[in-house]
Amino acid sequence: MSGSPDFFIGWSSSPPRPLRRFLAVLGAGVMAGAIALGIGLGFAADDPAGPGFGQGGAPVPALVFEERVTGTLTAEPYPVLHLPPSPGLPRGRALLLAGDGKVGVGDVAAMAGQSVAMGGFALRRGDIEMLATGDAPEVVGPGAPVPVERLGRWRITGEICDGKCASGGMRPGIGLAHRACATLCLSGDIPAIFVATAPVEGSAYLLLADAEGRANLAAFRPLVGQRVRLEGEVLRQGAMLVFRADPRPVAP
Amino acid sequence: MSVRYGVVGWTPAKRWYDAVLLGAIALYLVGYTELAPMLVPESRALDGQSLRIKAFGSAAFLLLTFALAIGPLARLDRRFLPLLYNRRHLGVMTFALALAHALEVLGWHFAFSPTPPLVAALSSEPGLGTWPGTPFVPFGILALLILFALAATSHDFWLNFLTPPVWKALHLGIYLAYAAAVAHQVFGYFLAAANPGFVGVTVASAGLLLGLHLAAGLRGRRAPILGAEWVRAAAAADIPEGGAVVVEVAAGEPVAIFRNEGQLSAVSNLCAHQNGPLGEGRVVDGCITCPWHGFQYRLADGCAPAPYTEKLATYRLRVEGGEVFLDVRACPPGTYQQPVPA
């Protein structure tokens with residue numbers, strides 16, 4: 001083959017000699033640039049949890065139990081198992097309930113107010129806990145009353161998140177990294193949590209309900225995963241804060 | 001060039017090309033998913049799945065940017081031409097990375113649910129109908145589908161089956177895919193990200209690509225020569241030995257006038273393979289050689305040497321007083337024209 005010394009024909013075995021040095025430098029530059037870009041962009045990757053996520057309250061110690069845990073079940077706005085007070089936890093502990101995967105615990109409304117035993121595995125982040133149940137809950141007797149304390153009306157800024165991710169199932173977060181995922185969870189009847197940007201009465205995690213105290217995903221769905229400011233009444237139900245919010249956001 | 005479809009002919013140059021390509025991708029992914037986390041404080045460390053989602057997606061975008069930059073770079077600096085020959089390897093790898101990104105998303109954000117992952121991806125957008133939530137996922141899916149179509153038709157079988165003009169028009173869809181990918185990332189940033197790092201890289205990449213294409217387009221731009229028959233095309237002295245000048249004519253394809261061993265020949269400037277710019281090629285072994293993929297044509301009749309069958313339109317020339325005159329009426333592909341001494 002004859003031709004220009006700087007003209008490379010793609011099907012020839014190797015580039016002309018004058019081009020080889022340029023191509024070698026280019027190849028090395030591409031490799032070096034690739035790893036530098038990878039490290040740089042990897043380092044700058046957004047943390048979907050945000051710096052303050054999960055630091056809203058005093059962390060509760062790990063829940064230790066054998067096979068099953070027993071407590072009083074409440075069903076509104078979402079199923080919660082309330083465990084009795086224990087040393088260091090005078091209000092007891094409140095376990096959000098869900099199934100295995102992005103599904104709720106099922107229809108347990110008939111067990112509300114009863115003492116219920118259930119197994120599964122516990123998720124925990126800060127002061128929020130969830131029991132992902134592995135088998136059918138069982139009523140073992142009448143439940144203890146769950147105290148409800150009214151804490152007044154609040155305007156709170158935060159994000160609507162699903163309780164499973166908020167409890168440590170995944171890295172929860174603001175917006176994109178979590179938005180559709182959280183919506184899928186909530187559509188599967190996982191409890192909705194309002195994650196406040198600052199603690200409210202000692203906790204940044206509030207079980208979300210509408211003004212009537214019911215789960216109302218249809219009303220809150222457009223707000224999931226976005227930074228919003230909502231107004232409503234806050235209650236403490238056992239160890240769990242409940243935010244009975246108006247689904248219409250308040251201007252910041 | 002080829003008239004049949006067989007196993008890929010591997011040359012040392014092609015092996016080096018793919019080795020650098022795969023090596024660069026591997027280094028980027030290792031840097032992103034393994035090395036960067038070592039520098040990140042534990043308090044803001046990402047989980048492995050989220051890291052892989054971001055690493056695959058950003059790698060696909062950066063590789064696509066690089067692939068699209070090769071064309072204008074090669075026009076601005078001929079030393080980049082060797083990158084063009086196997087550019088389709090970049091396209092196929094871009095699709096593979098984009099697919100890996102999509103599968104990671106489906107396997108993480110849309111998994112563990114009774115709703116099938118694809119259904120969940122298309123139905124879980126909470127802000128449907130509200131800005132800026134809606135366009136994010138659809139733009140990503142659009143880019144992935146286009147990349148799939150282009151990767152699937154990248155083989156020369158499809159080029160011949162669809163014909164070069166149709167194939168080339170189809171593959172211009174890569175720019176739509178790129179625009180969709182930019183929109184996917186920019187909307188993603190508005191939806192969520194607090195750190196402008198990657199959206200900055202996205203906008204800078206798109207700007208660089210636009211600038212390169214504009215620079216390359218302006219550099220090669222010539223006013224078309226008016227005239228329906230014979231027109232003055234160039235000064236004979238301006239046509240380099242072994243090379244060509246390209247003449248834009250008012251009606252029809254641009255024409256490349258080559259000089260070989262002191263004689264001039266004119267053919268269509270568009271290679272029969274992928275419409276590559278023949279006038280930017282050279283005469284090698286007595287044949288016009290396309291700078292993109294090395295397709296060759298005889299100067300006098302525009303035919304590829306046997307056993308190949310491609311043909312170019314040829315044009316009549318005459319030289320008077322050192323000026324080259326061209327008959328802009330194209331002769332049928334493969335028509336013999338006596339080269340003109342000049």
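Begin by selecting A:D107, which is exposed because 10 other C-beta atoms lie within 10 Å; by the cut-offs used here, a residue is exposed if 12 or fewer other C-beta atoms lie within 10 Å of its own, buried if 20 or more do, and partly exposed in between, with C-beta atoms placed from the backbone. This is a predicted model, in which local features need pLDDT of at least 70 and side-chain atom pairs count only at pLDDT 80 or more, while totals for chains, interfaces and linings use all residues. Residues are numbered from 1 along each chain as its sequence is written, and chains are lettered from A, with ligands numbered from 1, in the order in which they are written.

Staying with A:D107, show the backbone around it: the residue is found in the loop between strand 3 (93-98) and strand 4 (114-125) of chain A, where helices (H or I, at least four residues) and strands (E, at least two) are DSSP runs numbered from the N terminus. Add A:V30 to the selection, and the two C-alpha atoms, belonging to residues 77 apart along the chain, turn out to be separated by 57 Å.

Now widen the view to chain A, which has four helices and eleven strands and in which 49% of the 252 residues count as buried. Among its contacts (C-beta atoms, placed from the backbone, within 7 Å) between residues at least 6 apart in sequence, 70% join residues at least 24 apart.

Next, select A:I193, A:F194, A:L206, A:L207, A:L208, A:F243 and B:A59, the residues that touch the most other members of the largest nonpolar core, a set of 111 residues; such a core consists of buried Ala, Val, Leu, Ile, Met, Phe, Trp, Tyr and Cys residues joined through C-beta atoms within 7 Å. Helix 2 (residues 48-76) of chain B gives the most to this core, with 13 residues. Another core lies apart from it and has 44 residues, among them B:V245, B:V247, B:F295 and B:L299.

To look more closely at one member, centre on A:L207, whose contacts, not counting residues up to four places away in sequence, include A:P77, A:Y78, A:I193 and A:F243.

Finish with chain B, whose nine helices and eleven strands have their C-alpha atoms, with those of the rest of the chain, in a box of roughly 80 × 40 × 35 Å along the principal axes. Of its 342 residues, 40% count as buried. Select residues 231-326, which an unreviewed UniProt entry annotates as "domain: Rieske", an annotation that may be inferred rather than shown by experiment; this stretch is 0% helix and 42% strand, with its end C-alpha atoms 5 Å apart.

Terms used. Two residues are in contact if their C-beta atoms, placed from the backbone, lie within 7 Å.
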